[in-house]
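Hi everyone, thanks for coming. I'd like to walk you through one structure today, so let me put it on the screen.

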Amino acid sequence: MSDIADYALFLDFDGTLVEIAPRPDAVTVDPGLVPTLERLRTRLGGALAIVTGRPVAVIDDFLAPARFDVAGLHGVERRVDGVVSGGRPEDHPALRAGVERLQAETARYEAVLIEDKGASVAVHWRLAAPADAEAAEAIVKAVAADLGSAYRLQLGKAVGEIVPADATKGHAIRALMEAAPYAGRRAMFLGDDRTDEIAFASVNEDGGISVRIGEGETVAARRLATPADVRALLSAWAEGGVIDPDALPSA
């Protein structure tokens, strides 16, 4: 058991703080989440950040009126201490053309959704019929391949996302850990998806604590079952002021 001020806490959003929704815009935020995060941030001396594939502005909408440090778009866009950097769509002309191609080639498939994030793009097929889902996955793989080595395709839960090749949650966490108030602390990252495995691995390498939410193979050291379990744990940490990683179930 350690004093909470020894840690820097990094939290994925979808599937970790909130339950996965059929559509990205249909997420429901538990009314107790924002007050818990605000109390926890105070306990941590500010060393709390949301690390997500979502844009910073979307996280702000969901967690209003609070404004947290956010590494958005898998680290392409960041806001630290109120200062936003990166994430400009105009810096990615090849990707913008790829987005147009994705929109055109998936238009015929019912319930396939293109989530244009400006400096990245996600294709969702959670609600699509199996054949349409298979076609959507093939299309996003083809577009990513044609974009070449400057971009990377990462597959998640019924989603394929194209991001700049140097953008990972692992890189984002390491960058945040280089500056106050994160520097000198032990990193802890909670995430739920295949896209979080790179961050789990880097956190492990750096002596931090990785926590997988939900089932599935993982390199994370610890595991929680559901976002509700995450919210309960964060609330306990905020109230008690201590973190006990050894109390978390092994992955």
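Let's start at Thr52, which touches Asp12, Phe13, Ile59, Val70, Ala71, Gly72, Leu73, His74 and Lys169, leaving aside residues up to four places away in sequence. Please keep in mind that this is a predicted model. Where along the chain does Thr52 sit? You'll find it in the loop between strand E3 and helix H2, the helix spanning 56-62. And is Thr52 buried or exposed? Its relative accessible area is 1%, and the cut-off for buried is under 20%, so Thr52 counts as buried. Its side chain also reaches the backbone nitrogen of Arg54, at 2.9 Å.

Arg54 brings us to the largest pocket, since Arg54 is among the residues lining it, along with Pro55, Val58 and Phe62. This pocket holds about 160 Å³ of space. Which element gives the largest share of the lining? That is E7, with four residues. Both H2 and E7, strand 113-116, supply at least two lining residues each. For those of you thinking about chemistry, the lining has six nonpolar and six charged residues, and no polar ones.

Last stop, helix H1, residues 33-43. Its buried residues are Leu33, Val34, Thr36, Leu37 and Leu40. Looking down the axis of H1, they fall within an arc of 155°, so they line one face of the helix. What covers them includes strands E2 and E3 as well as helix H7. After H1 comes Gly45, with a positive phi near 65°.

That's my tour, and I'm happy to rotate the view for anyone.

Methods:
Residues are numbered from 1 along each chain as its sequence is written. This is a predicted model: local features need pLDDT of at least 70, side-chain atom pairs count only at pLDDT 80 or more; totals for chains, interfaces and linings use all residues. Side-chain values use heavy atoms; hydrogens and water are left out. Buried means under 20% relative accessible area, exposed over 50%, partly exposed in between (1.4 Å probe, protein chains only). The arc is that of the directions from the helix axis to the C-beta atoms. Contact means heavy atoms within 4.5 Å. A polar contact is a pair of N or O atoms within 3.5 Å; within protein, one must be able to donate a hydrogen and the other to accept it, and residues adjacent in sequence count only if both atoms are side-chain atoms. On a 1 Å grid over the protein atoms alone, a cavity is a set of points where a 1.4 Å probe fits but cannot get out, and a pocket is an open set with protein on both sides within 12 Å along at least five of seven lines; lining residues have an atom within 4 Å of a point. Grid points are joined across faces, edges and corners, and a volume is the space filled by probe spheres set on the points. Ala, Val, Leu, Ile, Met, Phe, Trp, Tyr, Cys and Pro count as nonpolar, Asp, Glu, Lys and Arg as charged, and the others, Gly among them, as polar.
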